[in-house]
Structures are given as structure tokens and as C-alpha cells.
Amino acid sequence: MLDVRRLRLLRDLARLGTIAAVAEAHTYTPSAVSQQLAALQREAGVRLLERAGRRLTLTPTGAALVQHAEVVLAALEAADATLAAARGGLSGRVRIGAFPSAVRTLLPAALVALARDHPALDLMVTELDPVDVPAALRDRRLDVALLHDYDIVPAEPDPALDSAPLLDETVFLALPAGTEPEGDQMHAARDADWIVGSPGTLCHSVALHACELAGFRPTVRHHADDFTAMLALVAAGQGVGLVPELAVGEPPLGVRLVPLALRRRTRVAYRRGAGSHPAVAACVAALRAATRDHPRGQLPSGVAWSGQVKHDR
């Protein structure tokens, strides 16, 4: 019988690429990971790994076993969900991950509802960039998390995760007040200084790709990962940037918001097989209710904006 913990290490080697990265993800030593993978290979009775220069790579059999490992791990999650439902009552720690604009807007109402309806749950929130969510869920550092992609930069499906749609929102081009873009708004901003997220973040990738689709490479003047900071820089005349609807909040005076034909799509994610776990299901329901009740698109008086926005609830 194959050891499930060793199967998880093989799966992570396929995902991360190196023994060192797997060891860091599991807080093991590289030697311990190598020993466990060697033991898995002995259990299997066939070669699962081979050398390619200085790296270990999976053989075709090893890659096939990884696919089976995903099914096995999902089945174990489903079994745990069944047992949790049979025990009755919701209790224990639930680790929730979310990106900053969701932490400020959607998560507080969801946390209040969960604490009211399920007081035995121990809720713990972690703020993180969506690019870090899949690994945190796989490594069991999170149980439920919000992640998003954009229609121009769709995310690849992750075989280890399940998710449910939560929110589809407009993305705005934020300009200094008094700026009057003509024609295609993005193309009209080609000569402006740009404020984008830090390299490696999804917001950074989206901003650069949106500019490329409009036919230009942006002149990046500032990096800001917090949309409130980005809007403050726009109000100060320091450049332009892309801001999703959920992050608009109460922007400072001196900002003009122009809706674009660009959508940010948020999903609530969890490990495959865990969707029927009572605590996970309660979190998903609370987040959906908070999203439904959130008053998006209500800009404060004195903030300039252009165009009509269609909201998809």
C-alpha cells in the first residue's frame, strides 16, 4: 500500500520542481524528502524519478501516479468532510485567506455572520496576494480562500482545488481629475505615467497586459500594492492606474474613474473534496451573503466618474 504522505511529496515535486522547494514547503530537510521519495519508489516497485542533469524529474509512470495522488487526496478530504458532518455542530479552527480589498469590504460582514451563527468556530484570517492562495490551500495553511483572475489573464484550473464563483466586477482606469480621455480610454493613457502593483503580483501582470492589448508599453513610475495608496497617488497627479470596483471604496477627491471593458472575477476556493465540510460550506455561504449585500458602485459625492457600469451579482 502506498503511503499517502509520500504521495503528497511526489505531487509537490511535480508542482514545485525541486527537492529543495518541496522541503521548504513542508519544513523538512532536503535529505528527508529524498529519503521519503526513495521509499515511495521502493513501495511502487517501478522507477518514478530520474535525473535530468542536476535535477530530479518524474518518469511517465511518476507523472501518472501524481494524477492518481490528486484523486486520493481529494477522496481523503471528502472523507474528512463526511466525518465532520456526522459529528454535528461546527467547531474548530478555520483559516481564511483573502486579498486586501476583500478583507476590507466583504470579509468583515462574513466574519460577523459566522461568529453569530457558529460561535464555536475559531476563525483566523490571513491577507495575501491571490497568486499565493493555491499553494497555501494545498499545503493546508488555509482552509478557505478568495482568489481572483481577470478576463484578459485567466487562471489555469488547479487539479488540487475546487472553487465557486463569488463576484464579477468592473475594472476602472483611475485618472487625475480634469483628465478627459478621448476614444479608447486605455490607448489615450499611453503617454501617462503608470502606477502598478509590485512585480510578481497579479495586479502587475494585469496592468502590463492591459496596456499591451491597447498597443503600448506603459511607463511605470510607481509601484503600489494597496489600491488606496494607488488612488492617493493618482489624486496627487502622479500617474494613472487600474482599480477594480470592490477596491474603489471612498477614493480621494481629484480622481476620475473610467469603467473599462475589463472584468475581475473572484472565486471562493478550497481543497478538492472539502466543499461538503460543514465549516467550509458555512464560510462559502457567509461570503456569498456578504457579497450579495455589499453596496458596490456607490461612489461618494464629489468623486468624478464616467460611463455606465453594469453590475453582475
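## A salt-bridge tour

Start by selecting Glu77: at 10% relative accessibility, this residue counts as buried, since anything under 20% falls in that class. Keep in mind as you click around that this is a predicted model.

Now add Arg140 to your selection. Its side chain and that of Glu77 meet in a salt bridge, 2.4 Å from N to O. Zoom out a little to see where the two partners sit. Glu77 belongs to helix H4 (residues 60–87), while Arg140 is in the loop between H7 and E5, so the pair ties together parts that are 63 residues apart in sequence. Is Arg140 buried or exposed? Neither, quite: it is partly exposed, with a relative accessible area of 34%.

Stay in that loop and pick Asp143. This one is buried, with a relative accessible area of 13%. Show Arg271 as well, and you'll find the two side chains meeting in a salt bridge, 3.2 Å from N to O. Here too the link is between distant parts of the chain: Asp143 is in the loop between H7 and E5, and Arg271 is in strand E10 (residues 255–271), 128 residues apart. Arg271 is buried too, at 9% relative accessible area.

Next stop: Asp139. Which residue does its side chain meet in a salt bridge? Select Arg15, and you have the partner, at 3.4 Å from N to O. Arg15 lies in helix H1 (residues 4–16), and Asp139 is in the loop between helix H7 (133–138) and strand E5 (144–150), so this contact ties together parts that are 124 residues apart in sequence. Asp139 counts as buried at 19% relative accessibility, whereas Arg15 is partly exposed at 27%.

Don't hide those two yet. Add Arg11, Asp12, Glu70 and Arg141 to Arg15 and Asp139, and you have one network, joined by salt bridges that share partners. For the bigger picture, a search of the whole structure finds 21 salt bridges.

To finish, color residues 2–59. The UniProt annotation "domain: HTH lysR-type", from an unreviewed entry, covers this span. How much of it is helix, and how much strand? The span is 62% helix and 14% strand, and its end C-alpha atoms lie 17 Å apart. Helix H1, where you found Arg15, runs over residues 4–16, so look for it as you trace the colored stretch.

Terms used: Residues numbered from 1 in each chain as written. Predicted model: local features only at pLDDT ≥ 70, side-chain atom pairs only at ≥ 80, totals over all residues. Heavy atoms only, no water. UniProt positions renumbered as here; feature names shortened; annotations may be inferred. Helix = DSSP H or I, 4+ residues; strand = E, 2+ residues; numbered from the N terminus. Salt bridge = Lys/Arg side-chain N within 4 Å of Asp/Glu carboxyl O. Buried < 20%, exposed > 50% of the residue type's maximum accessible area, 1.4 Å probe, protein only.
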